[in-house]
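Thank you for making room for this in the meeting. I would like to go through one structure with you, beginning with the backbone and then turning to the side chains.

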Amino acid sequence: MRKLTLWVSLVLTTVALQGCGFKLRGDYQIAKQFSHMQVSSAERHSPLQKTLSNRLKFLDVNVQSKQALFESGVPTIHIQPEKLERRILSLFPTGQVAEYELVYQVDYQFYPSSEADPREESITLTREYQDDPEQVLAKSRELDLILDELRVQAADRIIRSLSITN
């Protein structure tokens, strides 16, 4: 009896989640017209370009990475240089910075085809970051990890905008 109750509650939960449109994070439906894409960047060896290409490949998109060379007919995402700004949020009593707000911004153009006008978009993400002058090495590593997370979030937003375009 207990197994039956557990099974029924599992089925009801699954049906309720399906019915409300719940999707797992990273589960994007990209149109077939975007099965081949080109990702380019204004910067040489852009970390965001690499992250975006890897995320698209994971979704079974054939990605061609070129430096601003556009093939006709292939949808293209062209990434502008990323910007990172640090704003002071708080100070220690000694006057040293205790906390920053990191503002990560990236602009990109999406060319759905060679005939269509590009769609220009901008993504801005913010994150708070606590600084500790006693642990400079650890905090610089933490900043690198935060930047990697921001790039993944930016790549996911770009992919989400592709799934909305359908």
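Let me start with a question about placement: in which loop does Asp 60 lie? Asp 60 lies in the loop between helix 2 and strand 2, the latter being residues 62–65. Please keep in mind throughout that this is a predicted model.

Asp 60 comes just after helix 2 and takes a positive phi of about 65 degrees, although Asp 60 is not a glycine. Most residues other than glycine have a negative phi, and that is why I pick out such positions. As to its surroundings, Asp 60 counts as exposed, because its relative accessibility is 70% and the cut-off for that word is over 50%.

There is another residue of this kind to look at, and that is His 45, a residue other than glycine whose phi is positive, near 60 degrees. His 45 has its place in the loop between strand 1 and helix 2, and at a relative accessibility of 71% His 45 also counts as exposed.

Between those loops we have helix 2 itself, which runs over residues 47–58 and has 12 residues. From its first C-alpha to its last, helix 2 reaches 17 Å, which is close to the 16 Å expected at 1.5 Å a residue. If you colour helix 2 by accessibility, the buried residues are Leu 48, Gln 49, Thr 51, Leu 52, Ser 53 and Leu 56, so you will find polar names beside the leucines in that list.

Let me step back to the whole chain for a moment. The secondary structure comes to three helices and six strands, and, read along the sequence, these follow the pattern α-β-α-β-β-β-β-β-α. Of the 166 residues in the protein, 31% are buried, while the exposed surface comes to about 11000 Å², with carbon and sulfur atoms supplying 54% of that area. If we take the contacts between residues at least 6 apart in sequence, 65% of them join residues at least 24 apart.

Now to the side chains, and to strand 1, residues 36–41, where we find Ser 40. Ser 40 is buried, with a relative accessible area of 0%, and its side chain is joined to the side chain of His 78 by a polar contact of 2.6 Å.

The next item is aromatic, and the structure holds one aromatic pair. How are the rings of Tyr 100 and Tyr 129 arranged, stacked or edge-to-face? Their centres are 6.4 Å apart and their planes meet at 20 degrees, so the pair is stacked, given that planes under 30 degrees apart count as such. I would add, with some care, that the pairing cut-off is 6.5 Å between centres, and the 6.4 Å here falls within it. The pair links distant parts of the chain, with Tyr 100 in strand 5 (residues 97–111) and Tyr 129 in strand 6 (residues 119–130), 29 residues apart.

Tyr 100 counts as buried at 10% relative accessibility, and Tyr 129 is buried too, with a relative accessible area of 3%. Each of these rings also has a charge over it: the charged end of Arg 86 sits over the ring of Tyr 100, 4.2 Å from its centre, and the charged end of Lys 139 sits over the ring of Tyr 129, 5.9 Å from its centre.

Staying with strand 6, let us look at Thr 126, which is found in that strand and counts as partly exposed at 48% relative accessibility. The C-alpha atoms of Thr 126 and Glu 101 are separated by 6.8 Å, although the residues are 25 apart along the chain. Leaving out residues up to four places away in sequence, Thr 126 touches Glu 101, Leu 102 and Val 103.

Thr 124 lies in strand 6 as well, and at 41% relative accessibility Thr 124 is partly exposed. Which residues does Thr 124 contact, leaving aside its neighbours within four places in sequence? They are Val 103, Tyr 104, Gln 105 and Arg 157.

My last stop is helix 3, residues 136–165, where Arg 160 is found. Arg 160 counts as partly exposed at 37% relative accessibility, and its C-alpha atom is separated by 8.6 Å from that of Ile 30, which is 130 residues away along the chain.

Notes:
Residues are numbered from 1 along each chain as its sequence is written. This is a predicted model: local features need pLDDT of at least 70, side-chain atom pairs count only at pLDDT 80 or more; totals for chains, interfaces and linings use all residues. Side-chain values use heavy atoms; hydrogens and water are left out. Helices (H or I, at least four residues) and strands (E, at least two) are DSSP runs, numbered from the N terminus. Buried means under 20% relative accessible area, exposed over 50%, partly exposed in between (1.4 Å probe, protein chains only). A polar contact is a pair of N or O atoms within 3.5 Å; within protein, one must be able to donate a hydrogen and the other to accept it, and residues adjacent in sequence count only if both atoms are side-chain atoms. The expected span of a helix is 1.5 Å times one less than its number of residues. Rings of Phe, Tyr and Trp (its six-membered ring) pair if their centres lie within 6.5 Å; planes under 30 degrees apart count as stacked, over 60 as edge-to-face and the rest as tilted. A charge sits over a ring if NZ of Lys or CZ of Arg is within 6 Å of the ring centre and within 35 degrees of the ring normal. Contact means heavy atoms within 4.5 Å. Accessible areas come from the Shrake-Rupley method with a 1.4 Å probe; for residues, only the protein chains shown count as cover.
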